[in-house]
Amino acid sequence: QPNLFMFWSQQYGDWKIAERLQDDGACLAFAEDMKGRMRPWISHPILRWRLWEPSSRRFVPRRLNIEASSDGPSGGNTNMQDDDEVPWSRPHWSEWSTTDLIRWCERRRIDLSGCFDREAVLDRVIQSAKEDMADAEDDTRREDSQFHVVRIASRVKTDGSYTRPPTLDRRNSLFGNRVERFQGVESDILPWLYRAGDKSRLYGIFFGNEFAYSLVWTRYKFWGRPGARPNRYEESW
């Protein structure tokens, strides 16, 4: 069984699960976290993961539970002087030395004016950590509100000479582009298409403002991805 690595990518601003500890390796799953403040093994705030689905050849939203490993080496004997960051496996801030607390603040450019003893520095560290967590939760709520919003745009199908998907830009009227009056989640899309879909149009599915995939009326008489073949699910409609 191959080894898998999970790491935060500063280049792309996301957590990755991959077979190599490199950005250019095969990525099996990712979750956006632009600031790298959200820890996947902490239950809140929740990261929104997308896993590679080989059958559809795209990343699809999935819930992923990650637990911190207890098999790794202990950080108790690690010298913080050699680290660029304090590992989350280290003891609570209240157990850090004054030197470690001050260095943590200096890395984040936290003002220690008026802090004349260890307790004052510790209070400043805890307050800063709470503010970081509040910012992360706000980011998560904004991502959640966009993550669950499904929007649909459509355009007239062509003979293949024009391959670009529809757009949510209401100013664009190329090939009859329009934004559909759809309200619902992803599981509502197919019922809506079978009820109100126009078989001469190509429908673009968006999560928030991000294009995900297209759906058309196929030659096999069902709504599916362009070029898709029927399976039991489609045949049941």
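The accessible surface of the protein comes to about 15,900 Å², and carbon and sulfur atoms account for 48% of that area. The structure is a predicted model, and of its 237 residues 34% count as buried. Among contacts between residues at least 6 apart in sequence, 39% join residues that are at least 24 apart.

**Confidence**

The average pLDDT of the protein is 77, and 76% of the residues score at least 70. Taken by element, the mean pLDDT is lowest in helix 4 (residues 232-235), at 43, and highest in strand 7, at 95. Over residues 232-237 the pLDDT is below 50, and this stretch has nine contacts in the model beyond near neighbours in sequence. Residues 72-90 likewise stay under 50 in pLDDT, and for them the model has 25 contacts beyond four places in sequence. Where pLDDT is low, the predicted coordinates should not be read in detail.

**Secondary structure and the open sheet**

The protein has four helices and 10 strands, which follow one another along the sequence in the pattern β-β-β-β-β-α-α-β-β-α-β-β-β-α. Five of the strands form an open sheet with the order 1-2-3-4-5 and antiparallel pairing. At the edges of this sheet stand strand 1 (5-9) and strand 5 (58-62); each has a single partner strand, so one side of each is left without a neighbour in the sheet. From one strand to the next, the twist averages 25 degrees.

Within the sheet, strand 2 (residues 14-18) and strand 3 (residues 27-32) pair in the antiparallel sense over five bridges. One of the residues taking part is Asp14, whose bridge partner in strand 3 is Glu32.

**Nonpolar cores**

In soluble globular proteins, nonpolar side chains tend to be buried together. The largest nonpolar core of this model has 14 residues, and those with the most contacts inside it are Ile152, Ile189, Leu193 and Ile205. At least two residues of this core come from each of strand 6, helix 3 (189-196), strand 8 (201-207) and strand 9, while helix 3 gives the most, with four residues. When neighbours within four places in sequence are left aside, Leu193 is in contact with Tyr203, Leu215 and Trp223. A second, separate core has nine residues, including Leu101, Ile110, Val121 and Leu122.

**Positive phi outside glycine**

Two residues with positive phi that are not glycine, Phe175 and Lys221, are set out below.

| Residue | Phi | Loop | Relative accessibility |
|---|---|---|---|
| Phe175 | near 55 degrees | between strand 6 (150-156) and strand 7 (178-179) | 34% |
| Lys221 | about 70 degrees | between strand 9 (210-217) and strand 10 (223-224) | 60% |

Is each of these loop residues buried, partly exposed or exposed? The cut-offs put buried under 20% relative accessible area and exposed over 50%, with partly exposed in between. Phe175, at 34%, therefore counts as partly exposed, whereas Lys221 is exposed because its relative accessible area is 60%. The loop that holds Phe175 starts after strand 6, an element that supplies at least two residues to the largest nonpolar core. The loop of Lys221 lies between strand 9 and strand 10, and strand 9 also supplies at least two residues to that core.

Conventions
Residues are numbered from 1 along each chain as its sequence is written. This is a predicted model: local features need pLDDT of at least 70, side-chain atom pairs count only at pLDDT 80 or more; totals for chains, interfaces and linings use all residues. Side-chain values use heavy atoms; hydrogens and water are left out. Buried means under 20% relative accessible area, exposed over 50%, partly exposed in between (1.4 Å probe, protein chains only). Contact means heavy atoms within 4.5 Å. Accessible areas come from the Shrake-Rupley method with a 1.4 Å probe; for residues, only the protein chains shown count as cover. Two strands pair if DSSP finds at least two bridges between them. Axes are lines fitted to C-alpha atoms, for helices over the stretch in contact, and angles run from 0 to 180 degrees between N-to-C directions. pLDDT is the predictor's confidence in each residue, from 0 to 100. A nonpolar core is a set of buried Ala, Val, Leu, Ile, Met, Phe, Trp, Tyr and Cys residues joined through side-chain atoms within 4.5 Å.
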